[in-house]
Amino acid sequence: MDRLTWQDYFMANADLISKRSTCDRAFVGAVLVKDKRIIATGYNGGVSQTDNCHETGHQMEDGHCIRTVHAEMNALIQCAKEGISTNGTEIYVTHFPCINCTKALLQAGITKITYKEAYRKHPFALELIAAKGVELVQHDVPKIQLGDD
């Protein structure tokens with residue numbers, strides 16, 4: 001039996017969670033992990049109980065959809081709402097975090113960022129990550145085979 005590594009397991013979860021995204025510009029999923037346990041998840045989508053992109057279209061400003069709350073922010077917000085500390089956690093995300101998500105993750109005490117796709121790697125985000133000494137890893141989702149095939 002081939003068992004998934006922890007990194008493969010958490011990244012596969014982020015990939016699965018991205019399938020819930022309601023903004024089709026980027027299907028992004030995020031998983032916050034502490035001590036090898038998932039403490040929160042998030043995906044790209046509109047503010048709760050308001051319109052989503054897949055329902056009413058994108059609301060574009062300066063090349064960005066401002067209707068969407070990013071996956072990383074949704075995971076952090078879930079922890080804030082539930083009173084769960086994010087200090088010392090790591091995040092697995094399907095896309096490299098934007099500059100604003102990077103700043104929020106660093107302020108929240110994230111110690112490791114693992115991402116799948118090198119989407120718009122902002123130079124200042126990389127500079128901040130290095131300055132904070134946060135580990136940064138690019139990792140692809142493995143092919144998961146189910147059953148006895």
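This note walks through a predicted model of one protein chain, point by point.

1. Overall make-up. The protein chain contains five helices and nine strands. In sequence order, the elements run α-β-β-β-α-β-β-β-α-β-α-β-α-β. Try tracing that pattern on the structure before reading on.

2. Burial and surface. The protein chain has 149 residues, and 42% of them count as buried. Its exposed area is about 9,000 Å². Carbon and sulfur atoms supply 48% of that area.

3. Contacts along the chain. Take the contacts between residues at least 6 apart in sequence. Of these, 56% join residues at least 24 apart.

4. The largest nonpolar core. This core has 23 residues. Which of them touch the most other members? They are Leu32, Leu76, Ile91, Leu105, Ile110, Ile113 and Ile129. Six elements are worth colouring here: β1 (29-34), α3, β7, α4, β8 and α5 each give two or more residues to this core.

5. A second core. Apart from the largest core lies another one, of seven residues. Its members include Phe10, Ala14, Val31 and Tyr92. Keep Phe10 and Tyr92 in mind, as both return in the aromatic cluster below.

6. Helix α4. This helix spans residues 99-107. Its buried residues are Ile99, Cys101, Thr102, Ala104, Leu105 and Leu106. What covers them? The cover includes α3 (71-82), β7 (90-95), β8 (112-117) and α5 (123-132). After the helix comes Gly109, with a positive phi near 90°.

7. Leu105 in detail. Leu105 is one of the buried residues of α4. Leave aside residues up to four places away in sequence. Leu105 then touches Glu72, Leu76, Ile91, Pro97, Ile110 and Ile113. Leu76, Ile91, Ile110 and Ile113 are also among the core residues that touch the most other members.

8. Glu72. The UniProt record, an unreviewed entry, places the feature "active site" at Glu72. Glu72 sits in helix α3. Is Glu72 buried or exposed? Its relative accessibility is 3%, so Glu72 counts as buried. Which residues does Glu72 touch, beyond those up to four places away in sequence? They are Ala30, Ile91, Val93, His95, Pro97, Cys98, Cys101 and Leu105. Two of these names, Cys101 and Leu105, belong to the buried residues of α4.

9. Aromatic pairs. The count of aromatic pairs comes to five. One of them joins Trp6 and Tyr9. This pair is edge-to-face, at 6.0 Å centre to centre and with 80° between the planes. Trp6 and Tyr9 are three residues apart in helix α1 (residues 6-17), so about one helical turn separates them. Trp6 is partly exposed, because its relative accessibility is 38%. Tyr9 is also partly exposed, at 36%.

10. A stacked partner. Trp6 pairs with Phe10 too. Here the rings are stacked: 5.6 Å centre to centre, with 20° between the planes. Trp6 and Phe10 both lie in helix α1, four residues apart, or about one turn of the helix. Phe10 has 2% relative accessibility and therefore counts as buried.

11. The aromatic cluster. Trp6, Tyr9, Phe10 and Tyr92 form one aromatic cluster. Phe10 and Tyr92 from this cluster are also among the members of the seven-residue core.

Notes. Residues are numbered from 1 along each chain as its sequence is written. This is a predicted model: local features need pLDDT of at least 70, side-chain atom pairs count only at pLDDT 80 or more; totals for chains, interfaces and linings use all residues. Side-chain values use heavy atoms; hydrogens and water are left out. Buried means under 20% relative accessible area, exposed over 50%, partly exposed in between (1.4 Å probe, protein chains only). Contact means heavy atoms within 4.5 Å. Rings of Phe, Tyr and Trp (its six-membered ring) pair if their centres lie within 6.5 Å; planes under 30 degrees apart count as stacked, over 60 as edge-to-face and the rest as tilted. Accessible areas come from the Shrake-Rupley method with a 1.4 Å probe; for residues, only the protein chains shown count as cover. A nonpolar core is a set of buried Ala, Val, Leu, Ile, Met, Phe, Trp, Tyr and Cys residues joined through side-chain atoms within 4.5 Å. UniProt positions are given in the numbering used here, feature names are shortened, and annotations may be inferred rather than shown by experiment.
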